[in-house]
Structures are given as structure tokens and as C-alpha cells.
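Visitor: I'm new to this one. Could you pick a single part and take me through it slowly?

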Amino acid sequence: MFALTEDHRDIRAAIREIAEKEIAPHAAEVDEQERYPSEAQKALTAAGFQAVHIPEEFDGAGADAISTIIVIEEIARVCASSSLIPAVNKLGSMPILLSGSEELKRQVLPSIAAGDAMISYALSEREAGSDAAAMRTRAVADGDDWVLNGTKCWITNAGVSTWYTVMAVTDPDAARPAQGISAFVVHSGDPGFVVGSKERKLGIKGSPTREIHFENCRVPGDRMIGAPGTGFATAMATLDHTRPTIGAQAVGIAQGALDIAVDYLRERRQFGRSLAEFQGLQFMVADAAMQIEAARTLVYQAAAAAERGDANTTFLAAAAKCLASDTAMKVTVDAVQLLGGAGFTRDFPVERMMRDAKITQIYEGTNQIQRLVMARSLLR
Ligand SMILES: Cc1cc2nc3c(=O)[nH]c(=O)nc-3n(C[C@H](O)[C@H](O)[C@H](O)COP(=O)(O)OP(=O)(O)OC[C@H]3O[C@@H](n4cnc5c(N)ncnc54)[C@H](O)[C@@H]3O)c2cc1C
């Protein structure tokens, strides 16, 4: 994977045009009002970019992992909240794609491909974050159904999604907690499914993050993903495919901030000269561009490795997410600095990008956890 194909370049051009014309103009307001980016959802769905990864056999576009990454990156370049529409559709549906039965795929995926439904991923709980296997949400068999009880927290796009991939304990006596966890697809209309209140966040304010509650929530047996006890393994395998998408989000945020900073340096004058002439600032933009290119290359490499099923995918996916998110944090902080006082105001998007970048170091496993994952694959 040393050069993008013409198709990939065409996809970038198409999604960049939509992002700049139809998503960017609303990004500041979405953040300010902490409201869902419905304009973005509409524009992405109209153009078929809301879930490009769904295979053609389930009525999707059948885009490869790199195309999906490019879509997420280009949306994040103008609005990180909006980039979570395709990113979380991939996150929520990946467990089904990896381990679901043919019938379950047919039941769920076409609605996402059509843009009639979105899907969220529900692993985390208040007391089981990094230690996700310590989850308490319980599923008990009742005839052909499963009955779920418990609460998941931090669920991205909860309340907007129709489908939820939910990991729950089915065997509390399993030798290892992870082996007692199964995965289910829950529908928002299932009895006993309740959406909680919205978190008040530092960034990605347009992307709703909520608790979801299961109060004797009854789910038909055919909505279990794979066999009982395989849910945690599926949840982790999913992250190998989706950590690169968070890397793409981070690369997009960083690129957006750098592009704004470069424009500003060219226009702004101090001491009778353009800011672009000061070598101290030139070095800052050179470093930012260098770090973004390195992160982008690793993100694409990890996405391609995941799709091929390479043996070092887990390492690459963790490394890509970690490097890209640390890069996004550094570049956005520097972009605020490059704009001086203007960078500190909401008149320019870099302060929003700095706030949005932070989450990429936290979700889908904090960067401490990514380093643990990397070290484990090196030292095992
Ligand atoms: C906005 C947002 C959206 C999210 N979306 C989703 C979603 O859609 N679905 C979902 O399931 N989850 C989601 N999450 C949850 C997210 O993945 C968790 O917040 C994350 O995994 C960290 O868990 P925690 O918050 O419980 O932190 P903790 O696990 O309590 O960690 C606290 C600190 O301790 C560190 N730490 C923990 N264990 C170790 C260790 N062994 N070694 C070194 N350091 C360690 C962490 O790195 C962190 O710095 C989201 C979170 C947020 C904030």
C-alpha cells in the first residue's frame, strides 16, 4: 500500500467537496449549540457516504477499508462530530460483519447501507472502561429469547441509532470473565430498551454520548452475534478494524487545523512582515505537516493490514490510533498558538479542533491501553 488508487483519490475529491460545502458551514453552530449535525447526516446519506463499508451483498457500497478511512478523515477535517456518523456505523456493524450469521447480516445491514438506520457499539460501562471485561450487564436465556439487564455508558450516537451492538455477560461462572461475554444486536424498539441523558462534554459536542439502559429488555435469540461466549473476542477483533478509523479522525482533525494555520500565517502581518516569514513559525508548521504525514501513512497501513488479516494487525491498529491521536493533540494545540489570540476565540475553528482532538486519545481504548496492547504483542 504505497500509493492510493485513482478510485481512492476520486473518493477523496468527492467527500472533500461535500465536507466543505455542506458540513463545514454548520460545524461551529453544531459545536456551539451541542446539537446533532443533521445537515451532515442528510448530505452524507444523500451521497451514500454514511456507511460506505457495508458490502455490496447487503446493499452497501462495498468500499474497502482505505476508502472508509478517507471518508472519515475528510469529514473530520471540517467537523469531527460529523465524522462519527460513518465511523460509528462501522464500529457498530463490524461485530456483525465479523461474527454474525448470514440471517442477522440480512436483518440489520441493508437498513444501515440505505441510511434508514444507524448502529452504535455498546461495550463500556461506568465501572468497566479500560477493564471492559469487568462489565456487569447481564443477558439470561428465556425460551428462544434473551433478557438483558444493566446499563452501558458513553455510547456514541445513542438515541439517534436504531441498532445497538451490545456486549453482555451470559456466563458469570466462566473460567475467565471475557469467556462469559456474548454479543447481541438490540433494536431501539425492543421492549425494555431505554436511552439515558446526554453527557456534557469538552469536545465532539455534536455527537450525542449517552447511557443506555436495559430493563428486562427482551431480544430474540437470532440476534445473538456468533456463539455464546464469543462476544468479547468479537468486540476486541472489531477494534483492530476500527482503531484505524479513529486514527483517520485524528489525522483529519490535525490536517484541518494545519490548513487553517497555514492560511493564517500567509495573511497575518506583524513587525511589518508576514508571519509566514518567521522561521520559528515555519518550523512549527513543518513539524506539524511531517507528523501528520507519518500518522496518515501508519493509519492507512493499519487499515489495509486489518482488511488483509495480517498477523501484526492488532499492533498496527493500536499504534496507528495512538500516533495519530497524539499527533492531533499536538498539532491542534500548536495551531491555536500559531493564530495567537485569534486562535483562542470561537471566531476560528482551531479551538474547537483542539477540544475535539482530545477524545481521540481516550475512546476505543485510551492511549495508555494502546501502549499496553502494543507492548503485549511485542513481548508475548
Ligand atoms: C465521548 C466518548 C464517547 C465514547 N463512545 C463509546 C462508545 O460508543 N461505545 C463504548 O463502548 N464506549 C465508548 N466510550 C468509552 C471509552 O472507550 C472509555 O471512556 C475508555 O475506554 C476509557 O475508559 P474509562 O473512561 O472508564 O477510563 P478508566 O479505565 O477509568 O481510565 C482512567 C485512566 O486510567 C488509565 N488506565 C486504566 N487502566 C490502565 C492500565 N492498566 N495501565 C495504565 N493506565 C491505565 C487510563 O488510560 C486513563 O488515563 C466513549 C467515551 C467517551 C468519553
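Guide: Sure, and keep in mind that this is a predicted model. Let's start with a pair of helices: the axes of helix 6 and helix 8 come within 8 Å of each other and cross at roughly 20 degrees. An angle under 35 degrees counts as roughly parallel, so helix 6 is roughly parallel to helix 8. Their crossing is left-handed.

Now bring in helix 7, which covers residues 279-308. Helix 7 has 30 residues and reaches 43 Å from its first C-alpha to its last, close to the 44 Å expected at 1.5 Å a residue. Plenty of its residues are worth clicking on: A288, Q291, I292, A295 and R296 are buried, and so are L298, V299, Y300, A302, A303, A305 and A306. As a rule of thumb, an α-helix has 3.6 residues a turn, so residues three or four places apart point the same way.

What do the buried residues of helix 7 pack against? They pack against helix 6 (231-267) and helix 8 (313-338), the pair we began with, and also against helix 3 (65-76). Just after helix 7 comes G309, with a positive phi near 80 degrees.

To step back a little, an unreviewed UniProt entry places the feature "domain: Acyl-CoA dehydrogenase/oxidase C-terminal" at residues 229-379. Over that span the chain is 77% helix and 3% strand, with the end C-alpha atoms 27 Å apart. For another view, look at residues 121-217, where the unreviewed entry puts "domain: Acyl-CoA oxidase/dehydrogenase middle". Residues 121-217 are 0% helix and 49% strand, and their end C-alpha atoms lie 17 Å apart.

Methods. Residues numbered from 1 in each chain as written. Predicted model: local features only at pLDDT ≥ 70, side-chain atom pairs only at ≥ 80, totals over all residues. UniProt positions renumbered as here; feature names shortened; annotations may be inferred. Helix = DSSP H or I, 4+ residues; strand = E, 2+ residues; numbered from the N terminus. Expected span 1.5 Å × (residues − 1). Buried ≥ 20, exposed ≤ 12 C-beta atoms within 10 Å, placed from the backbone. Contact = placed C-beta atoms within 7 Å. Axes fitted to C-alpha atoms, helices over the stretch in contact; angles between N-to-C directions. Parallel < 35°, antiparallel > 145°, perpendicular 65-115°, else oblique. Left-handed = near helix turned anticlockwise from the far one by under 90°.
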